[in-house]
Amino acid sequence: MQFRSLAAGCGTYLPARVVTNAELAKTVDTSDEWIRQRTGICERRFAAEGELTSAMGTRAAQGALDMAQTTAGEVDLIVCATSTPDETFPSTATRIQAQLGMERGVAFDVQAVCSGFVYALSIADNYLRLGQATTALVIGAETFSRILDWEDRSTCVLFGDGAGAIVLKAVEATGAEREPGVLSTHLYSDGRHHDALYVDGGPSSTGTVGHLRMEGREVFRHAVVRMSEAIDAALEANGLTPGDIDWLVPHQANLRIIEAMARRLNLPQDRVVVSVDRHANTSAASIPLALHEALKDGRVQRGDLIMMEAMGGGFTWGSALLRW
Ligand code: UT7
């Protein structure tokens, strides 16, 4: 039998604490006006002390399972995208597995920074297509607030914490037109761009956790070009045109990047799902956080074609095309 991966549910978790631009401007040399104009961000959430990436991932996963009317006992694969794991090891995915009460299956983390969700989705989709798993949790969970340098205004205002997850189920692929499920994923990386976006610490380099460092303008320039290429590859592989896309659910780093992508695709802005204004950049969590909003308020309907794209440190980048 040929399998495809049906998206059966989506869930999220946001920490309770809302931090506005104005609040940040009390301790950082910045302003609400600068942050809004340059990024579209108005506020973000920060995890409470002791609130871990795994706990947020577990809450998001449980929400996705509830929507999918699936129990944790049915899950046999967890792929968790995170760059801010609870600990160096074991993986955050195995902690989530335990917190969900699971006693079987395979769980591991994927590290592709802001592209992490698209990477995790791609891996899970391949497991399901190959018949190596039947029910997968794909999770993006981050606590970027813990790796920000509060002395560096060019980065510390840009990020937030949160988690999102989807449930994928292996179902028979009949080859029928407009069949729901993952149509394709396209992943890329180019390690030559390390210095444009990295964390200056880690177990084997400094023995410390380190802080996020970014050449914002350099990343911006690459983001639009690379993500456009990834979208083009997805459309071409499926014999589709930009006009076939119902919803663009992009990685939420900067409203100007999101708008540039939409213009390039000739997509009206009301077909683009935006949550960067309230969540800021939540790295691997941003796509499922945005998707969940559009599902909850009824914008995304069964059968809609969703284009996801992301770009992050490495550089890594990619796209995923999903019929909900
Ligand atoms: O998720 C991973 C992918 N990441 C991204 O996609 C991020 C991509 N990059 C960006 O989103 C943008 O480049 C930023 C939002 C990071 C920066 O926007 P920009 O328009 O590229 O600004 P800039 O870095 O060129 O800085 C412009 C000015 C500078 O001042 P001068 O040199 O013109 O006097 C900065 O010092 O803005 C200043 N600046 C700030 N001012 C107030 C930088 N950060 C701040 C700040 N508040 N927080």
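This tour proceeds through a predicted model, moving from a sheet to its helices, then to a ligand and several unusual backbone sites.

**The sheet**

Begin by selecting the strands of the open sheet, which has 5 strands in the order E1-E7-E6-E4-E5 and mixed pairing. Its edges are strand E1, residues 3-13, and strand E5, residues 106-110, each of which pairs on one side only. From one strand to the next, the twist averages 20°.

Select E1 together with E7 next. These two strands run antiparallel and are joined by 10 bridges. One pair to display is Arg 4 with its bridge partner in E7, Val 171.

Then add E6, which runs antiparallel to E7 and is joined to it by 9 bridges. Here Leu 137 has Val 167 of E7 as its bridge partner. Strand E7 itself is mostly covered, with 9 of its 12 residues buried.

Now turn to strand E4, residues 77-81. E4 pairs with E5 in the parallel sense, over 5 bridges. Within this pairing, Ala 81 has Val 110 of E5 as its bridge partner.

**Helices on the sheet**

Select helix H3, residues 53-67. This helix lies across E1, strand E6 (135-143) and strand E7 (161-172), and runs at about 120° to E1. Helix H10, residues 286-296, also packs on the sheet. H10 touches E1 and E7, and its direction makes about 90° with that of E1.

**Helix H5**

Move to residues 116-129, the 14 residues of helix H5. From its first C-alpha to its last, H5 reaches 20 Å, close to the 20 Å expected at 1.5 Å a residue. Is H5 mostly covered or mostly uncovered? H5 is mostly covered, since 10 of its 14 residues are buried. Among them are Phe 117, Tyr 119, Leu 121, Asp 125 and Leu 128. Just after H5, select Gly 131, which takes a positive phi of about 75°.

**The ligand**

Display the ligand and the 23 residues that surround it. The closest are Thr 30, Cys 114, Arg 217, Asn 254 and Asn 281. Three polar contacts can be inspected in turn:

- Arg 153: a backbone N or O atom lies 2.9 Å from a nitrogen atom of the ligand.
- Gly 216: a polar backbone atom is 3.0 Å from a nitrogen atom of the ligand.
- Arg 217: an N or O atom in the side chain is 2.7 Å from an oxygen atom of the ligand.

**Cis peptide bonds**

Which residues does a cis peptide bond with omega of about 0° join? It joins Phe 89 and Pro 90. Pro 90 is found in the loop between E4 and helix H4 (92-99).

Another cis peptide bond joins Gly 314 and Phe 315, with omega about -10°. To find Phe 315, look in the loop between strand E12 (305-312) and strand E13 (316-323).

**Positive phi outside glycine**

Select Gln 69, in the loop between H3 and E4. Although Gln 69 is a residue other than glycine, its phi is positive, near 50°. Gln 69 counts as exposed because its relative accessibility is 74%, and the cut-off for exposed is over 50%.

Finish at Arg 178, in the loop between E7 and strand E8 (181-189). This residue is not a glycine either, yet it has a positive phi of about 60°. With 54% relative accessibility, Arg 178 therefore counts as exposed.

Definitions and conventions. Residues are numbered from 1 along each chain as its sequence is written. This is a predicted model: local features need pLDDT of at least 70, side-chain atom pairs count only at pLDDT 80 or more; totals for chains, interfaces and linings use all residues. Side-chain values use heavy atoms; hydrogens and water are left out. Two strands pair if DSSP finds at least two bridges between them. Helices (H or I, at least four residues) and strands (E, at least two) are DSSP runs, numbered from the N terminus. Axes are lines fitted to C-alpha atoms, for helices over the stretch in contact, and angles run from 0 to 180 degrees between N-to-C directions. Contact means heavy atoms within 4.5 Å. The expected span of a helix is 1.5 Å times one less than its number of residues. Buried means under 20% relative accessible area, exposed over 50%, partly exposed in between (1.4 Å probe, protein chains only). A residue is near a molecule or strand if one of its heavy atoms lies within 4 Å of it. A polar contact is a pair of N or O atoms within 3.5 Å; within protein, one must be able to donate a hydrogen and the other to accept it, and residues adjacent in sequence count only if both atoms are side-chain atoms.
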